[in-house]
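Biologist: I am new to this structure and would like a close look at a single part of it, the neighbourhood of one strand, before moving outwards. Could you take me through that part slowly, and then show me what else belongs in the picture?

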Amino acid sequence: MFKIHEVDGDIRSAYGMTVADMNGNGKLDIVAGSTGIPMIAWYEAPEFKKHVVSESHPGNICIAARDLTGNGLRDLIVGSGFNRRQRIPVEYLQWFEAKEDGESWESHFIEEIPYIHRLALADVCGNGVPHLFVASLQGGEGKIDEWQYPGGLWCYRLPEDPVKDMWEKRLVDGELHLNHGMSVGDVDGDGRQDVLIGCRDGLIWFEPPEDPFAGDWHKWVISERESSEVFTVDLDGDGVNEFLSIEPWHGNELVWYKAEGDIRDGKWTRHMIDDTLNRGHSVEGVDVDGDGEIEVIAGYNGPGKSLHIYRQADLGKDEWNKGSIDAGGMGMGQMAVLDMDGDGQLDIVASGMSSGNVRWYENEIG
């Protein structure tokens with residue numbers, strides 16, 4: 001059972017979201033951006049008081065938090081300008097510098113990235129220092145919805161001085177059509193995070209070289225079916241990670257893939273969990289009730305706009321028990337699963353793209 005907490009019930013097209021301790025008090029705060037109004041805000045725990053970061057930038061579709069300047073305060077990296085029907089300005093990557101007063105922020109433009117759609121920080125070297133990964137939905141050459149123009153995936157090195165230094169980048173793959181979903185996870189258990197993509201070309205795992213700016217990135221295609229979201233987890237407890245996916249783009253099918261041989265070049269078998277999603281959006285697999293089995297959490301933002309949890313009934317027979325976390329109140333944008341209140345149980349935070357809200361769901365299962 002999850003208790004619903006409304007963090008913000010009036011934020012049009014809530015989309016970009018992250019969770020971080022923004023003021024260093026040991027409590028997790030929520031950061032959210034809108035693609036409907038020019039607004040980014042952070043909500044201070046435990047009362048989740050709203051602090052406006054900016055009301056000058058539209059289309060805030062993806063957000064990550066990290067102390068970039070070394071002053072002990074979390075800055076924000078944001079993909080902005082996303083509005084596929086009115087592309088002025090062209091989509092761009094920027095970062096917001098947190099000031100010592102705790103209230104004011106300074107925006108710093110990094111560069112234009114047409115149709116920027118996802119970003120994530122990932123420790124692909126296994127040394128505790130993350131790189132920034134940025135993905136675009138499609139290429140900038142064509143008109144809206146001309147998916148033949150592929151989007152890209154870039155790797156950025158975080159600069160020592162983010163104000164004065166260049167943000168060095170490398171193109172990982174520039175041929176990703178309808179490039180929608182991105183997540184990070186250690187697929188092969190080598191202690192380094194991999195980058196996962198769900199796009200029209202399929203379900204893809206990018207394995208980093210020792211030096212992400214010098215070696216060859218290995219591209220492993222798990223499935224050639226169109227995918228919208230992707231997550232990796234050891235679903236069946238055999239020590240080998242599986243893949244979760246929502247298919248096709250904004251699709252109705254929640255599925256998982258099992259490696260039948262070598263995880264890099266062997267066969268992957270597709271299994272159905274649910275085929276009744278309505279514009280599926282965001283998926284994670286975690287053990288939320290502490291019973292040693294992974295549950296799957298997924299939502300959708302079409303009519304019905306709901307968030308569900310799926311518990312294993314008989315994995316060998318593809319049998320799942322579906323439960324409701326939020327029926328009709330969460331038109332999913334993005335999601336994070338983590339212990340929000342420090343009670344040792346995993347909670348859920350979500351932004352509501354079609355429901356215009358931000359909520360956190362307190363885990364009362366344990």
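Modeller: Let us begin with a pair of strands in what is, it should be said at once, a predicted model: strand S19, residues 242-247, is joined to S20 by five bridges, and the two run antiparallel. Within the neighbourhood of this pair, Ile246 is the residue that stands opposite Leu254 of S20. On the other hand, S20 also pairs with strand S21, residues 268-274, again in the antiparallel sense, and here six bridges are found. Leu254 can be followed into this second pairing as well, where Leu254 stands opposite Asp274 in S21. Leu254 therefore serves as a useful landmark, since this residue of S20 stands opposite Ile246 and also opposite Asp274, while six of the seven residues of S20, which covers residues 253-259, are buried, so that the strand is largely enclosed by the rest of the structure.

The connection between S19 and S20 deserves equal care. The hairpin that these strands form has five residues between them, and in it His250 takes a positive phi near 50°, a value that His250 has although it is not a glycine. His250 is buried, with a relative accessible area of 17%, which falls under the 20% that marks a residue as buried. The loop between S19 and S20 also holds Pro248, and the peptide bond that leads from Glu247 to Pro248 is cis, with omega near -20°.

Each of these two backbone features has a counterpart elsewhere in the chain. A cis peptide bond also joins Ala45 and Pro46, with omega about 5°, and Pro46 lies in the loop that runs between strand S4 (40-44) and strand S5 (49-54). A positive phi, near 45°, is found at Leu178, which is likewise a residue other than glycine; Leu178 sits in the loop between strand S13 (169-176) and S14, and Leu178 is buried, with a relative accessible area of 1%.

Moving outwards, we come to the largest pocket, which contains about 930 Å³ of space. Strands S2 (14-20), S6, S10, S14 (181-185), S18 (229-233), S22 (280-286) and S26 (332-338) are the elements that each give two or more residues to its lining, and the largest share, six residues, comes from S26. The lining has 33 residues, of which Met17, Ala120, Glu284, Met335 and Ala336 lie nearest the centre of the pocket; by class, 19 of the lining residues are nonpolar, nine are polar and five are charged.

The last part of the picture is the largest nonpolar core, a group of 24 residues in which Ile77, Leu93, Leu119, Leu132, Val134, Tyr156 and Trp167 have the most contacts inside the core. At least two residues of this core are supplied by each of the strands S6 (62-66), S8 (92-98), S10 (116-122), S11 (131-136) and S12 (151-156). Leu93 offers a way to see how such residues meet, for, when residues up to four places away in sequence are not counted, Leu93 touches a set of residues that includes Ile77, Val78, Phe109, Leu119, Leu132, Val134 and Tyr156.

Technical notes
Residues numbered from 1 in each chain as written. Predicted model: local features only at pLDDT ≥ 70, side-chain atom pairs only at ≥ 80, totals over all residues. Heavy atoms only, no water. Core = buried A, V, L, I, M, F, W, Y, C linked by side-chain atoms within 4.5 Å. Buried < 20%, exposed > 50% of the residue type's maximum accessible area, 1.4 Å probe, protein only. Helix = DSSP H or I, 4+ residues; strand = E, 2+ residues; numbered from the N terminus. Contact = heavy atoms within 4.5 Å. 1 Å grid on protein atoms, 1.4 Å probe; cavity = no way out; pocket = protein on both sides within 12 Å on 5 of 7 lines; lining within 4 Å. Points joined across faces, edges and corners; volume = space filled by probe spheres on them. Nonpolar A, V, L, I, M, F, W, Y, C, P; charged D, E, K, R; others polar. Pairing = 2+ DSSP bridges.
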